[in-house]
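Colleague: I'm new to this one and would love a guided close look at a single part. Could you put it up for us first?

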Amino acid sequence: MNRGPLIVLVGPMGSGKSTVGELLAERLGVPYRDTDADIVTATGREISDLFIDEGEPHFRELERRAVAAAVAEHTGVLSLGGGAVLDGGTRELLAGLPVAYLSMDVEEAVRRVGLGAARPLLAVNPRRQWRELMEARRHLYTEVARVVVATDERTPEEVAQAVLDAL
Ligand code: S3P
C-alpha cells in the first residue's frame, strides 16, 4: 500500500527545499523527488522557458498535476515548487500529510535568490512586487504545514535536523 510521502517540503524560492530535501532523503535512506524536476522531465523544457513561452497559468496546471502524481506515487522526501500552494486543490491534497514549511525572512530571500537570476518569477516581477508576493504566500504555506522550520541563520544540515525533530 502507498503510504504517501514521508516528508513534503514547501516554502519560498531559495528557502533550501532542494538542498534540505536531498539531505533528508540521504539521512533517511529514501528517494528524493522534486516536482519542478518532474515537470522538466515530463515536458523536456526548462521551467523558465515554460513560464515565458506558455505563461504562468499553463505552468500552474502542469504543476498541479505533477504534485498530485508525486503525492500519489512517492514514498520518500518530496519538495514542491514555491508556488504549488497557490492551488486550492493542492492545499487540500496536502492536508494531513507530514508537510514542513521552510520559512525565510523576505529580505533574506531577496538576498539569497538575488534578482535577475534564472527564476522566471523574479524576471517578471520587479523587486517590490516580488516581496509582496512572498508576503502574500506566507499564510498559504502556514495553512498546509504540520511544522514550520525557520531557515534564517541555519545551515542546510541544521534545517534538516530541525525538520526531523519537529515532524
Ligand atoms: C516558483 C518557484 C520555483 C518554480 C517556478 C515558480 C514560484 O520553484 O516552480 O519558478 O512560483 O515560487 P522553487 O521554489 O523550487 O525555486
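Colleague: Here is what I'd like to understand: why is Ser18 classed as partly exposed? Please take your time and show me its surroundings, then a strand as well.

Modeller: Happy to! This is a predicted model, in which local features need pLDDT of at least 70 and side-chain atom pairs count only at pLDDT 80 or more, while totals for chains, interfaces and linings use all residues. Residues are numbered from 1 along each chain as its sequence is written.

Ser18 is partly exposed because 15 other C-beta atoms lie within 10 Å; a residue is buried with 20 or more other C-beta atoms within 10 Å of its own, exposed with 12 or fewer, and partly exposed in between, with C-beta atoms placed from the backbone. Ser18 sits in helix H1, residues 17–28. Helices (H or I, at least four residues) and strands (E, at least two) are DSSP runs, numbered from the N terminus. Beyond its neighbours within four places in sequence, Ser18 is in contact with Asp34 and Ser79, contact being C-beta atoms, placed from the backbone, within 7 Å. The unreviewed UniProt entry has a "binding site" annotation covering Ser18; such annotations may be inferred rather than shown by experiment, and feature names are shortened, with positions given in the numbering used here.

Now for the strand. In S4 (residues 99–103), five of five residues are buried. Val99, Tyr101 and Ser103 point one way, Ala100 and Leu102 the other. S4 pairs in the parallel sense with S1 (residues 7–10) over three bridges, pairing requiring at least two DSSP bridges between two strands. Four bridges join S4 to S5 (residues 147–150), also running parallel. Ala100 stands opposite Leu9 in S1, and its bridge partner in S5 is Val147.

Key: Contact = placed C-beta atoms within 7 Å.
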